[in-house]
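Me: Could you take a close look at one part of this structure with me and explain how its pieces fit together?

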Amino acid sequence: MNTRELTDTLANKLGEDKDSFLRDLRQDILKLVRSKGAQCVGVVSRNSYGDIVDTWSIKKPTKEYAKVLYCFCREKTYKGMELDSAITDDVVALIIKKFQLYYANKSETIVNITVEAVVSDSTIISTVTDSILESAQKAGLPIDYAIKHQIKQLLALNINTALHSSAGRAITEAGQQAVLTVVSAPIVNTLVTSIASILAAQLKTIIITLLHSTAFKSTMAILVKKYAALIIIPIIMNFIAANVGITTGGLIYIVLIPLLFVFIRHQFVSFPEKLGKKLSERITNQLSEDFININTSVAKDIATSIAGVSFTELGKKIYDDDEVKEGVAALLNNLIS
């Protein structure tokens, strides 16, 4: 299977609904930030593991809060710990959730493209059919080398067709007629349709598991948090500097204390709305620029995961299905009789 080609095909397909996705995301970020109130000017400290250690709120504009806010706006540490906005985690969680839902809603498209790539690979199909027939042999079916070769030929020729045909459609491709003259076409159709549907279901499970995996969530969290860290701090810092009447360079935390009371009295009510508008716009604009890179990363993970699947084991699981067992036995009897 050509993983590079699969990655490119998936990445392009995943980007088709970018505009509507980012438009909805922008509105959701605005709503979230607007609902946070005082948290929008809250600050948290994190340890080396990224866990929150302390939280400071503008509801208690103490000397320490002013000092922490000053350090936060100047991108300095406080007591040896990194500082962050109190709303960062919620914004990151929202964006990750939206991306996961976006990809989950495209799972059928992802599965269809991936399955087509898999069944178009003669090596993979040979491995799957070998595994199915070996399982049948172990179950006691009298499959010798000649019969095995003939069944493999039939399955390899028709599994791809089954994925693009309705169940029971007659197989009429000219190149297959020589083989099908001794086999009932409906028997082959039924068997390959069962195999193809189970194969698609198994691949869908693999893909959905990947999209909900801790590794995928971590990748998305790191990517999204990079945007949040680069955007939230400057917006809050610049807003405070502009609204308290002191330039960022001259902001001294002791002077900031009385000015915070003025800010609370005159500006605080409108702050979440203004922050939400700027934050949602900046984040979605940045995501728009990097959307193809994000999708390519996701597509690469999917292609790599599929390439790492044991198709021998997958073939065994497919044979465990009763319809497949019955189909293999029916096809064998038809060939022998």
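Reply: Here is a walk through two helices that meet.

This is a predicted model, in which local features need pLDDT of at least 70, side-chain atom pairs count only at pLDDT 80 or more, and totals for chains, interfaces and linings use all residues. Residues are numbered from 1 along each chain as its sequence is written, and side-chain values use heavy atoms, with hydrogens and water left out.

Our pair is helix H4 (residues 88-105) and helix H12 (residues 271-307); helices here are DSSP runs of H or I with at least four residues, numbered from the N terminus. Their axes come within 13 Å and cross at roughly 45 degrees. Axes are lines fitted to C-alpha atoms, for helices over the stretch in contact, and angles run from 0 to 180 degrees between N-to-C directions. This crossing angle is why H4 is oblique to H12: angles under 35 degrees count as roughly parallel, over 145 as roughly antiparallel, 65 to 115 as roughly perpendicular and the rest as oblique. The crossing is also right-handed, a word used if the near helix is turned clockwise from the far one by less than a right angle.

Now for the side that each helix offers. From H4 come Val91, Ile95, Phe99, Tyr102 and Tyr103. They meet Leu279, Ile283, Leu287, Phe291, Ile294, Asn295 and Val298 in H12, where contact means heavy atoms within 4.5 Å. The residues of this contact divide into 11 nonpolar, one polar and no charged. Here Ala, Val, Leu, Ile, Met, Phe, Trp, Tyr, Cys and Pro count as nonpolar, Asp, Glu, Lys and Arg as charged, and the others, Gly among them, as polar.

Elsewhere, an open sheet of three strands has the order S2-S1-S3, with antiparallel pairing; strands are DSSP runs of E with at least two residues, and two strands pair if DSSP finds at least two bridges between them.
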